[in-house]
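Biologist: I'm new to reading structures, and I'd like to know where the labels come from. Could we go through a few of them together?
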Amino acid sequence: MKTLSTDRKTNWYSLTREGWQQFLSEIDNRSFRAQQVMKWIYHERVASIELMSNLSKNFRSALASSTENTLPKLIHTNTSRDGTVKWIVETESGGAVECVLIPDGRRNTLCISSQLGCSLDCIFCATGKQGFAGNLSVADIVGQVVIVTDWLRLNSNYGELTNIVFMGMGEPLMNFAATMDACDIFMDDLAFGISKRRVTISTAGVVPRILDMCRRTEASLAVSLHAANDEVRNYLVPLNKKYPIAMLMDACREYLSSLHDRRIVTFEYTLIEDVNDGDQAAKELVQLLRDFRCKVNLIPFNPFPLSTFRRPTENKILRFYKQLRDEGIMVTNRTTRGEDIDAACGQLIGDFQDKTRRRARYRSAQSEASIV
């Protein structure tokens, strides 16, 4: 029985099944050991290696000397009046990110973060205004889900976790390797066992990484579209200047064609008053998506302090919805959840040292505007 020589212990929550097999091969070259260990970690939720009773004493000793089961530190939990729950957790690097549980009947959807802040700067999103401090590790990402599933076990009235969406803080495809490994763990029957249809990666449109997904995962894809022409989308999503809509749509088609079953892409569309909520915007969206296997998720804009945008009226939202529906586009109108605890879409801000100084620039600009 070997003992690994390493200065730093490996976090339980950083390894996929393949990762465990490779890691444990240095201790005991039997592949079924990975299955045993993962079942103890995720199915039995043991807190100590000593409780892994079907492993030999020597194997447990070698494992204990080379691994740790460190989760993100829980800083704060807040529950909305509508039942939405938000957690703030501290990552390995010391910054804080947010994740949100959205209960809806039998479905519990967890919205998780992939970066400290966001490397992009979409103009309608509070996270982007906070700047960027780095990528989360696999253990940071998976740890959010472990914390919430443990909480759900203690709050059984909520039921089990059914869906995971990378729609929290950050652009997951700009943290590609960690996001892919985390997805592997979420979909692995030895871990969380979430269906590939119910693990969703949401991107602002990082085209090269969407294409890389074709060879790496079968998770569901959601795209933050928000406009059907490049002029408006360049304004709302600056990344569009590098990867315009035509290029983005081609990448989405490529990803759909790589999947073995009949799947769809979800296009997220944040409705902003007098920006992208008019009849012409609806017609352009219909024209863009008419022959595309997709669903449109309409999201009324959620206000935050650093933004001057406004949410459209309910009548205008309904009119936009009907225009899409009447043209045969599959469309849903997302109900705003958790707004009273700043947990709604686009409102997550976390707490971290902004390396880009973007936060200071926005606050300075806002201060100057208020003086004028």
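Modeller: Happily! Let's start with a definition: a residue is buried under 20% relative accessible area, exposed over 50%, and partly exposed in between. Keep in mind that this is a predicted model.

Biologist: Thanks! Why is Tyr235 called partly exposed?

Modeller: Its relative accessible area is 44%. Partly exposed lies between 20% and 50%, so Tyr235 gets that label.

Biologist: And what makes Phe309 count as buried?

Modeller: Phe309 has a relative accessible area of 14%. The cut-off for buried is under 20%, so Phe309 is buried.

Biologist: How do you know that Leu239 is buried or exposed?

Modeller: The relative accessibility of Leu239 is 14%. Buried means under 20%, so Leu239 counts as buried. You'll find Leu239 in the loop between α8 (230-236) and α9 (245-258). Leaving aside residues up to four places away in sequence, Leu239 touches Leu120, Ala204, Gly205 and Val206. The C-alpha atoms of Leu239 and Asp121 are 8.3 Å apart, although 118 residues separate the two along the chain.

Biologist: Now for the rings. Why is the pair of Trp20 and Phe23 called edge-to-face?

Modeller: The ring centres of Trp20 and Phe23 are 5.9 Å apart and the planes meet at 85 degrees. Rings pair if their centres lie within 6.5 Å, and planes over 60 degrees apart count as edge-to-face. Both conditions are met, so Trp20 and Phe23 form an edge-to-face pair. They sit 3 residues apart in helix α1 (residues 17-25), which is about one helical turn. Both Trp20 and Phe23 are buried.

Biologist: What makes Tyr235 and Phe309 a pair of that kind?

Modeller: Tyr235 and Phe309 have 6.3 Å from centre to centre and 85 degrees between their planes, which is edge-to-face. Tyr235 belongs to helix α8, while Phe309 is in the loop between β13 (294-300) and α11 (314-326), so the pair ties together parts 74 residues apart in sequence.

Biologist: How many aromatic pairs are there in the whole structure?

Modeller: A search finds 12 aromatic pairs. There is also one aromatic cluster, formed by Trp12, Tyr13, Tyr42, Phe166, Phe186 and Phe192.

Biologist: One more: how do you know that the charged end of Arg33 sits over the ring of Phe59?

Modeller: The charged end of Arg33 is 5.0 Å from the centre of the Phe59 ring. The limit is 6 Å, along with an angle within 35 degrees of the ring normal. Arg33 is listed as sitting over the ring of Phe59.

Terms used
Residues numbered from 1 in each chain as written. Predicted model: local features only at pLDDT ≥ 70, side-chain atom pairs only at ≥ 80, totals over all residues. Heavy atoms only, no water. Helix = DSSP H or I, 4+ residues; strand = E, 2+ residues; numbered from the N terminus. Buried < 20%, exposed > 50% of the residue type's maximum accessible area, 1.4 Å probe, protein only. Contact = heavy atoms within 4.5 Å. Phe/Tyr/Trp six-rings, centres within 6.5 Å; stacked < 30°, edge-to-face > 60°.
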